[in-house]
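Here are my notes on the model, as numbered points. Please read them with the structure open.

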Amino acid sequence: EASTEAYLATQRIYQEKAASDLAAVRARVEELLVSLSRDVGEISSWDTEYFCKHVIYIQALHYRSLDQEIEADAAHVQEISSAMTMRSCGVPTGLDWYLMLRAVDAFVKRNGRYPGDVVDSMLESDAQELRSDLSNVMTARSLEATPLDEHVQEIVRYGNAELHNIASFLGGVGSQEVIKLLTHQLIPLNNTLIFNGIDGSSSGANL
């Protein structure tokens, strides 16, 4: 049966264990500082206690460079391949749109404009060209050709329009990430965020 005495006794056990762990960590910190010929006060007792209280939330984020992403190395290909396999099983992924955007990059580099940013009579021509670019993007990543015709049509249809609500959302996400980095609070996004304004979903990927 629960009682105040049992609760307080349990609380004391946890507090004593926490104090013991803190003392052990503090001793190890001071030992390391001495071995490096540095002042033991360089890392304060408050910093040590704060670390111990929040250590469960610590993550090591290993960011990749833009060069690694563009070069489509093995890790990049594996991330996309796994996502596309899940997509074929009915699990939604934002990486199909990532592949489309890479195809758009190729289109813009070649034509100096975005697909669909033309008169209506050229829309189908742009769609055909974009399909070819998408095929090249997939081939370069050793991916099995995946039909994304709805995505192609949507890219051409919207013609590089910039909607204020989407810009506002992405600007908010960007400013939030800056605040995380400046304040050292919460866990920042790692690598790539893909926001789908059609269904309001977002997904992350380490590309």
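1. Start with Glu154. At 23% relative accessibility, Glu154 counts as partly exposed, because the buried class ends at 20% and the exposed class begins over 50%. Its partner is Arg157: the two side chains meet in a salt bridge, with 2.6 Å from N to O. Both residues belong to helix 7, three residues apart, or about one turn of the helix. Arg157 is exposed, at a relative accessible area of 59%. This pair therefore joins a partly exposed Glu154 to an exposed Arg157.

2. Keep in mind that this is a predicted model. The average pLDDT of the protein is 87. A score of at least 70 is reached by 99% of the residues. Which element has the lowest mean pLDDT, and which the highest? Helix 4 (residues 74–88) is lowest, with a mean of 78. Helix 1 (residues 4–35) is highest, with 93.

3. How many salt bridges does the structure hold? The total is 13. One of them sits in helix 1, where the side chains of Glu31 and Arg28 meet. Their N to O distance is 2.9 Å. The two residues are three apart in helix 1, so about one helical turn separates them. Glu31 is partly exposed at 47% relative accessible area. Arg28 also counts as partly exposed, at 44%.

4. Now look at the salt bridge between Asp126 and Arg113. Their side chains meet at 2.8 Å, N to O. Asp126 lies in helix 6, whereas Arg113 lies in the loop between helix 5 and helix 6. The pair therefore ties together parts that are 13 residues apart in sequence. Is Asp126 buried or exposed? Asp126 counts as buried, with 1% relative accessibility, because the limit for that class is under 20%.

5. A further group of charged residues deserves a look. Arg110, Glu129 and Asp133 are linked in a network of salt bridges. Show the three side chains together when you inspect this network.

6. Next, the nonpolar interior. The largest nonpolar core has 24 residues. Which of them touch the most other members? They are Ile80, Leu95, Tyr98, Leu99, Met100, Leu130 and Leu134. Four elements give two or more residues to this core: helix 4, helix 5 (95–111), helix 6 (123–140) and helix 7 (149–158). Helix 5 gives the most, with eight residues. Helix 4, one of these contributors, is also the element with the lowest mean pLDDT.

7. On aromatic contacts, the count comes to two pairs. One of them is Trp46 with Tyr50, and this pair is stacked. The ring centres are 5.1 Å apart, and the planes meet at 20°. The two residues are four apart in helix 2, so they are separated by about one helical turn. Trp46 is exposed, at 56% relative accessible area. Tyr50 counts as partly exposed, at 35%.

8. There is also a nonpolar patch on the surface. Its members are Phe51, Val55, Ile56, Tyr57 and Ile58. Together they have about 560 Å² of accessible area. Where is Val55? Val55 is in the loop between helix 2 (45–54) and helix 3 (66–71). Its relative accessibility is 40%, so Val55 counts as partly exposed.

9. Two asparagines need a check of their backbone. Phi of Asn160 is near 65°, a positive value in a residue other than glycine. Asn160 lies in the loop between helix 7 and helix 8 (164–183). It is partly exposed, with 25% relative accessible area. Asn191 has a positive phi too, of about 85°, although it is not a glycine. Asn191 is in the loop between helix 8 and strand 1 (192–196). At 28% relative accessibility, Asn191 counts as partly exposed.

Terms used: Residues are numbered from 1 along each chain as its sequence is written. This is a predicted model: local features need pLDDT of at least 70, side-chain atom pairs count only at pLDDT 80 or more; totals for chains, interfaces and linings use all residues. Side-chain values use heavy atoms; hydrogens and water are left out. Patches are made of residues with over 30% relative accessible area and no salt bridge: like charges are joined within 9 Å, nonpolar side chains (Val, Leu, Ile, Met, Phe, Trp, Tyr) within 5 Å. Accessible areas come from the Shrake-Rupley method with a 1.4 Å probe; for residues, only the protein chains shown count as cover. A salt bridge is a side-chain nitrogen of Lys or Arg within 4 Å of a carboxyl oxygen of Asp or Glu. Buried means under 20% relative accessible area, exposed over 50%, partly exposed in between (1.4 Å probe, protein chains only). Rings of Phe, Tyr and Trp (its six-membered ring) pair if their centres lie within 6.5 Å; planes under 30 degrees apart count as stacked, over 60 as edge-to-face and the rest as tilted. pLDDT is the predictor's confidence in each residue, from 0 to 100. A nonpolar core is a set of buried Ala, Val, Leu, Ile, Met, Phe, Trp, Tyr and Cys residues joined through side-chain atoms within 4.5 Å.
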